[in-house]
Amino acid sequence: MSDRVVPEGARRRRRPTKQGAVLSERLIVETALRLVAEHGADALSVRRLGAALGADPSALYRYFRNTDALLLALADEMIGRAQEGWRPTGDWRADLRALGLRIHAAYLAQPQAALLAAHRTTGRPHETRAVETILGILRDGGFPDALAVRIYHAFVDQALAFAAQDAAAAALPEAAAEADAEVWHAAYGRLPARTHPNIAATYPLLAAEMRHSGYPFALELTLAAAATLHPDA
């Protein structure tokens, strides 16, 4: 791609694509997400995206400066999907819990895209709205600004880190995922108490726990820690 981005008001394609759709930024983003979900990160190319849209690849220059700009749009779209339908309750802890779980779920719904985008800062509308919302929850909840910023940082980084890790696991080929799961039985389940007393004592609980994401409990730990720092604690 190049630097020939066309201003938003002048972007509309006059003729439909070969699929009968009118090209738009949203259509490009949704198609890119579908391609990445079906074929992995390598599918995020101008040529493949143009073919999927039924449009000349050069037409994408009107919407995105380069593939990195498109990637940031994908990241912003996932953040936007996490916020769809969410409504504040006025309880800072409940609101952060709901948003954290939504962010995590939104990225897991697009694991291949999450691998590409969970670590990026977009500066786009959905992301800035999320930052404003989370800081507002904390400030309205009575946290002083300096502490609100630090809790925001920990909260968001934790959600995205778990999202990236869990997305990587979800994106594994089925055989690799099954092999990883079997390790807890084939390796850890056979460790003797003589050499690994703590693993042997907790193995049934450990094997059951490791089948699931650790994020929901990690989130609760973060919220509990934040509560102890509240001025009214």
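**Before you start**

Helices (H or I, at least four residues) and strands (E, at least two) are DSSP runs, numbered from the N terminus. What you have open is a predicted model, in which local features need pLDDT of at least 70 and side-chain atom pairs count only at pLDDT 80 or more, while totals for chains, interfaces and linings use all residues. Residues are numbered from 1 along each chain as its sequence is written, and side-chain values use heavy atoms, leaving out hydrogens and water.

**Stop 1: the whole protein**

Show the cartoon. How many helices are there in the protein? You should find 10 helices and zero strands, so reading from the N terminus on gives α-α-α-α-α-α-α-α-α-α. Turn the model around: along its principal axes, the C-alpha trace spans about 70 × 50 × 25 Å.

Now colour by pLDDT, the predictor's confidence in each residue, from 0 to 100. The protein has a mean pLDDT of 89, with 91% of its residues at 70 or more. Select helix α2 (residues 46-53), where confidence is lowest, at a mean of 88, and then helix α10 (residues 215-229), where confidence is highest, at 98.

Next, switch on the surface. The accessible surface of the protein comes to about 13,200 Å² (Shrake-Rupley method, 1.4 Å probe). Carbon and sulfur atoms account for 55% of this surface. Of the 233 residues, 36% count as buried; that word means under 20% relative accessible area, while exposed means over 50% and partly exposed lies in between (1.4 Å probe, protein chains only).

Contacts tell you about the fold too, a contact being heavy atoms within 4.5 Å. Among contacts between residues at least 6 apart in sequence, 71% join residues at least 24 apart.

**Stop 2: the largest pocket**

On a 1 Å grid over the protein atoms alone, a pocket is an open set of points with protein on both sides within 12 Å along at least five of seven lines, whereas a cavity is a set where a 1.4 Å probe fits but cannot get out; lining residues have an atom within 4 Å of a point. Points are joined across faces, edges and corners, and a volume is the space filled by probe spheres set on them.

Select D166, A169, M210, R211 and H212, which lie nearest the centre of the largest pocket, among its 20 lining residues. The elements giving two or more residues to this lining are α7 (145-170), α8 (174-186) and α9 (197-209). Which helix gives the most? That is α8, with six residues. The volume of the largest pocket is about 610 Å³.

Colour the lining by class: Ala, Val, Leu, Ile, Met, Phe, Trp, Tyr, Cys and Pro are nonpolar, Asp, Glu, Lys and Arg charged, and the others, Gly among them, polar. You will see 10 nonpolar, five polar and five charged residues around the largest pocket.

**Stop 3: the second largest pocket**

Move to I79, E127, Y152, V156 and L160, the residues nearest the centre of a pocket lined by 19 residues. This second largest pocket has a volume of about 350 Å³. At least two lining residues come from each of α3, α4, α6 and α7, and α7 gives the most, with seven. By class, the lining divides into 13 nonpolar, three polar and three charged residues.

**Stop 4: the cavity**

A search of the whole structure finds one cavity of 30 Å³ or more. To frame it, select its lining: I79, A82, Q83, L99, I103, A130 and I134. The elements with two or more residues here are α3 (67-83), α4 (92-108) and α6 (125-140), and α3 gives the most, with three. About 40 Å³ of space lies inside. The lining has six nonpolar, one polar and no charged residues.

**Stop 5: three single residues**

Pick A159 in helix α7. Is A159 buried or exposed? A159 is buried, because its relative accessible area is 0%. Not counting residues up to four places away in sequence, A159 touches I103, H104 and Y215. Measure with your viewer's distance tool to T195: the two are 36 residues apart in sequence and 35 Å apart in space, C-alpha to C-alpha.

Then jump to T89, in the loop between α3 and α4. T89 counts as exposed, because its relative accessibility is 57%. Leaving aside neighbours within four places in sequence, T89 is in contact with A94 and D95. T89 and L223 are 134 residues apart in sequence and 16 Å apart in space, C-alpha to C-alpha.

Finish at A233, in the segment after α10. A233 is exposed, with a relative accessible area of 70%. Beyond its neighbours within four places in sequence, A233 is in contact with A227 and T228.
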